[in-house]
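This report examines one protein chain through its helices, its cysteines and its charged side chains. Please keep the sequence and the structure in view while reading.

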Amino acid sequence: CLEECRKCCGGHGVMLASGIAQLCVDYVTYVTAEGDPIILELQCARFLIKSLEQAQRGEAVSGVCEYLTTTDDLAVRPTSKEQLRNEDILDKLFAYRARAFVQEV
C-alpha cells in the first residue's frame, strides 16, 4: 500500500519532504525487525487463548496474563466519580473487560 502510494507520487514519492519515503523506510524496518504484523497478531492471540485455557484449568498463568485468573473484579461497581478515579478500581475494570475480550475469541 505504501509502495503503491510512493509510485503514484512519481519523483515526489522518493523525496523526504513528502513524508512517504520515510514511512516506507520505517515500515520496511519494522517488518524486518519485528516480523509481519499479521503473524505477530496471530502469535499473540494464540498465547492469550492458551493462557485463558490454563487459567480455566486452575493452572499458573504467566505474569502478563495474570488478569485471566482473577474474578474479584466482578464485584466492583463504581458509584461515584471518585471511585472512577481510583486506580485499583480502574485496574479491575480493565482486567474484567480484557478477560471478556479474550473469552469472546
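The text below treats two helices, then the residues around them, and finally the cysteines and the charged contact.

The model is predicted, and every value quoted here is to be read with that in mind.

**Helix α3**

Helix α3 comprises 20 residues, for which a rise of 1.5 Å a residue gives an expected span of 28 Å, and its end C-alpha atoms are indeed 28 Å apart, in agreement with that expectation. The buried residues of α3 are P37, S51, L52 and A55. Around the helix axis they cover an arc of only 100°, which places them on the same side of α3. The face turned away from this buried side carries L42 and R46, both of which are exposed. Just after the helix, G58 adopts a positive phi of about 85°.

Two residues of α3 may be considered individually. S51, found within the helix, is buried, with a relative accessible area of 2%, and, when residues up to four places away in sequence are set aside, S51 touches V61, C65 and L68. Q54 also lies in α3 but is partly exposed, at a relative accessible area of 27%. Leaving aside its neighbours within four places in sequence, Q54 is in contact with E59, A60 and V61. The C-alpha atoms of Q54 and T69, which are 15 residues apart along the chain, are separated by 8.9 Å.

**Helix α5**

Helix α5 covers residues 87–104, and its 18 residues reach 26 Å from the first C-alpha to the last, close to the 26 Å expected at 1.5 Å a residue. Within α5, the residues I89, A95, R99, A100 and V102 are buried. Seen down the axis, the buried residues of α5 fall within an arc of 165°, so they line one face of the helix. These buried residues pack against α3 and against α4, the latter formed by residues 81–84. On the other side of α5, E87, F94 and E104 are exposed. At the start of α5, a side-chain oxygen of N86 comes to within 2.8 Å of the backbone nitrogen of D88.

**Cysteines and the charged pair**

Why are C44 and C65 not bonded to each other? The sulfur of C44 is 7.9 Å from the closest cysteine sulfur, that of C65, which is too far for a bond, whereas a disulfide would require the two sulfur atoms to lie within 2.5 Å. The structure accordingly holds zero disulfides. The surroundings of the two residues can be described by their accessibility: C44 is partly exposed, with a relative accessible area of 41%, while C65 is buried, at 2%. C65 is also one of the residues touched by S51.

A search of the whole structure finds one salt bridge. R57 forms a salt bridge with E59, with the closest N and O atoms 2.9 Å apart. E59 appears as well among the contacts of Q54. The accessibilities of both partners are set out below with those of other residues discussed above.

| Residue | Relative accessible area | Class |
|---|---|---|
| S51 | 2% | buried |
| C65 | 2% | buried |
| Q54 | 27% | partly exposed |
| E59 | 37% | partly exposed |
| C44 | 41% | partly exposed |
| R57 | 52% | exposed |

Note on methods
Residues are numbered from 1 along each chain as its sequence is written. This is a predicted model: local features need pLDDT of at least 70, side-chain atom pairs count only at pLDDT 80 or more; totals for chains, interfaces and linings use all residues. Side-chain values use heavy atoms; hydrogens and water are left out. Buried means under 20% relative accessible area, exposed over 50%, partly exposed in between (1.4 Å probe, protein chains only). Helices (H or I, at least four residues) and strands (E, at least two) are DSSP runs, numbered from the N terminus. Contact means heavy atoms within 4.5 Å. A salt bridge is a side-chain nitrogen of Lys or Arg within 4 Å of a carboxyl oxygen of Asp or Glu. The expected span of a helix is 1.5 Å times one less than its number of residues. The arc is that of the directions from the helix axis to the C-beta atoms. A polar contact is a pair of N or O atoms within 3.5 Å; within protein, one must be able to donate a hydrogen and the other to accept it, and residues adjacent in sequence count only if both atoms are side-chain atoms.
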